[in-house]
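Work through the exercises below with the structure in view. Each task is followed by a worked solution.

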Amino acid sequence: MKLLSTITTGALTVALAAAANAHTYVTNFYVNGVDQGNDVCIRPYYWDQNWWKNFPIKDVRSDDIRCGKKNANTVAAKTCNVPAGGTITLEWHATTRANATDDIIHISHHGPCLAYISPAGKNSWVKIWEDAGNTGGEWCTDRLRKKKGKMEVVIPKALKSGKYDVRGEIIAHHESDANYLENPARGAQFYVACLSISVTNGGSTSLPSGVAFPGAYKATDKGIHYNLYAHWPTLDAPYTSPGPKVWKSSNVVATTKKPAATTKKTTQKPVATTKMTTRKPAARTTRKVTTTRKATKVSTTRKAAATKAPVKVVKVIKVIRVVKA
Ligand SMILES: *[C@@H]1O[C@H](CO)[C@@H](O)[C@H](O)[C@H]1NC(C)=O
Ligand SMILES: [Cu+2]
């Protein structure tokens, strides 16, 4: 499937060329940095002659929005053990992992990354992590390209042991200035992967009830029908991700792991901080270094979004689009 869109904004013309290899999918899953093997613990991606594994889901009303094409109720062949508080990594590629020049996700694709968790087989998703918004026009997808496709998510330390499904997601906004319901040829693109994990050495906290897919997103949500080009040529228009807020219990874990943010966060969540500190002082110290960076990024994103002036919508004057089968 070849696709070429030319977007003319005022005097500026952007040509976005994308082929089948412009999209993305998850090839590998890691537990605390250890690769579990190709496709292991990942629901097998559907594909046929008209649908490649890396194609995006676009209709948020479809069952496919849950775990990808025809994957709403499938299961992975294997379940991977993940200790509570451990880090899982989803490795994304546009073509194959073996391809040394794989671009992870096409450079035209910008948007947030999100992760949800649900009790296995239930359709009750709790958001545990997101890298939403942008810093000076740099998005999660841009960072992902630099990190060779590796998306890291911490499984909440407090979470009860048991079997869970993890839903990793990237939303690409290069065509989401159009609302999919009005123009199904364009709209936001959702790249979704579901994984089967068994949380071990968990805490005492059950997941709160989550959101359903479909159901959680609407095509008209601000974080879905979003004009990436509103501040053209910088892609830094303020952004709010769709779906629920990140689960607080996940934040508790994140707070203890992010000393740079401690001053601010402590005032917000003194109880939580104290709890975690008394429980695991050793773990806290060990992880200080890695997480300082993340904390800085997160707060930068928020500040950037907060200080931005209201969005000025630059009108897209002309949108020419050619789709070749
Ligand atoms: C390798 O990746 C690049 C960039 O995604 C792509 O253009 C090329 O076709 C890929 N090669 C193979 C053999 O898949
Ligand atoms: Cu794409």
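**Exercise 1.** In this predicted model, decide whether Cys113 and Cys140 are buried or exposed, then describe their link.

*Solution.*
- Step 1: Cys113 is buried, and Cys140 is too.
- Step 2: A disulfide joins the two, with 1.9 Å from S to S.
- Step 3: Cys113 sits in strand E7 and Cys140 in helix H2, so the bond ties together parts that are 27 residues apart in sequence.
- Step 4: The angle about the S-S bond is -100°, and the link is left-handed.

**Exercise 2.** Find the handedness of the disulfide between Cys67 and Cys194.

*Solution.*
- Step 1: The sulfur atoms of Cys67 and Cys194 lie 2.1 Å apart.
- Step 2: Cys67 is in helix H1 and Cys194 in strand E11, 127 residues apart.
- Step 3: The torsion about the S-S bond is about -75°, so this disulfide is left-handed.

**Exercise 3.** Work out the pairing pattern of the bonded cysteines.

*Solution.*
- Step 1: The structure has 3 disulfides.
- Step 2: One of them links Cys41 and Cys80; it is right-handed, with 95° about the S-S bond.
- Step 3: Number the bonded cysteines in sequence order, and the pairing reads 1-3, 2-6, 4-5.

**Exercise 4.** Which residues coordinate the copper ion (ligand 2)?

*Solution.*
- Step 1: The donors are His23 (ND1), His109 (NE2) and Tyr191 (OH), at 1.9 to 2.4 Å.
- Step 2: Along the chain their spacing is H-x85-H-x81-Y.
- Step 3: Buried means under 20% relative accessible area. His109 has 0%, so His109 is buried. Tyr191 has 1%, so Tyr191 is buried.

Terms used: Residues numbered from 1 in each chain as written. Chains lettered and ligands numbered in written order. Predicted model: local features only at pLDDT ≥ 70, side-chain atom pairs only at ≥ 80, totals over all residues. Heavy atoms only, no water. Donors = N, O, S within 2.8 Å, 3.2 Å for Na, K, Ca; no water. Buried < 20%, exposed > 50% of the residue type's maximum accessible area, 1.4 Å probe, protein only. Disulfide = S-S within 2.5 Å. Helix = DSSP H or I, 4+ residues; strand = E, 2+ residues; numbered from the N terminus.
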